[in-house]
Amino acid sequence: MTLKFHSNQNNIPVEYLDCIPTDEVLDALAPQIGQIFFQLGAEIGLSIANLENIQSNNYQDLAAQNKEVLFIWREDRTVKPTLQVLVQALVNVGRGAHCLQEVLKNVDLNTLRGSKEVGGRGAIPKKLKNTSEQKPHSQKKGSKKCSIA
């Protein structure tokens with residue numbers, strides 16, 4: 001099987017890009033992002049107030065700041081939180097997608113395609129606005145999720 005690579009995304013296979021990252025992918029990525037959690041969070045749609053709160057709750061712990069930003073983004077669902085969205089955000093803030101490529105290099109595509117569920121709800125669960133939004137993630141339309149072996 002030959003994988004197609006997206007030319008501008010540091011050789012991340014195209015087949016991976018529509019997947020939603022799992023807890024394991026986000027956990028592995030967080031310590032590699034570095035000092036750009038604030039820029040990354042703003043790029044993926046988190047509010048300045050939310051980012052300031054993350055910073056004060058995780059003072060001097062960059063990995064924890066990055067992890068919280070990534071988990072909040074994935075749970076928000078304003079935009080489908082795919083690897084493509086994450087790659088573009090990393091590129092837009094000047095980090096590039098190399099760190100994500102490193103995390104994904106040992107992820108088996110068959111495992112990604114075979115798994116439909118993300119392991120957990122992440123670092124911070126989203127507070128739902130009304131009862132119509134309180135469906136389990138497995139019942140939400142179009143929820144394609146990835147997992148790592």
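Of the 149 residues in the chain, 38% are buried, and it should be kept in mind from the start that the model described here is predicted. The chain holds seven helices and zero strands, so that reading from the N terminus the order of its elements is α-α-α-α-α-α-α. Among the contacts whose partners have a separation of 6 or more, 72% join residues 24 or more positions apart. The surface that the chain exposes comes to about 8,200 Å², with carbon and sulfur atoms supplying 49% of this area.

One residue worth following in the structure is Asn-66, which lies in helix H4, the element covering residues 62-76. Its side chain reaches the backbone oxygen of Gly-34 at 3.0 Å. Leaving aside residues up to four places away in sequence, Asn-66 touches Ala-30, Ile-33, Gly-34 and Phe-37.

Phe-37 also belongs to an aromatic pair, and a search of the whole structure finds one such pair. In this pair Phe-37 and Phe-38 are arranged edge-to-face, with 5.7 Å from centre to centre and 80° between the planes.

The table lists the relative accessibility of the three residues discussed above.

| Residue | Relative accessibility | Class |
|---|---|---|
| Asn-66 | 1% | buried |
| Phe-37 | 4% | buried |
| Phe-38 | 25% | partly exposed |

Because buried means under 20% relative accessible area, Asn-66 at 1% counts as buried, and Phe-37 at 4% counts as buried. Phe-38, with a relative accessible area of 25%, is partly exposed.

Technical notes
Residues numbered from 1 in each chain as written. Predicted model: local features only at pLDDT ≥ 70, side-chain atom pairs only at ≥ 80, totals over all residues. Heavy atoms only, no water. Helix = DSSP H or I, 4+ residues; strand = E, 2+ residues; numbered from the N terminus. Buried < 20%, exposed > 50% of the residue type's maximum accessible area, 1.4 Å probe, protein only. Contact = heavy atoms within 4.5 Å. Areas by Shrake-Rupley, 256 points an atom, 1.4 Å probe, with all protein chains shown as cover. Polar contact = N/O pair within 3.5 Å; in protein donor to acceptor, adjacent residues only side chain to side chain. Phe/Tyr/Trp six-rings, centres within 6.5 Å; stacked < 30°, edge-to-face > 60°.
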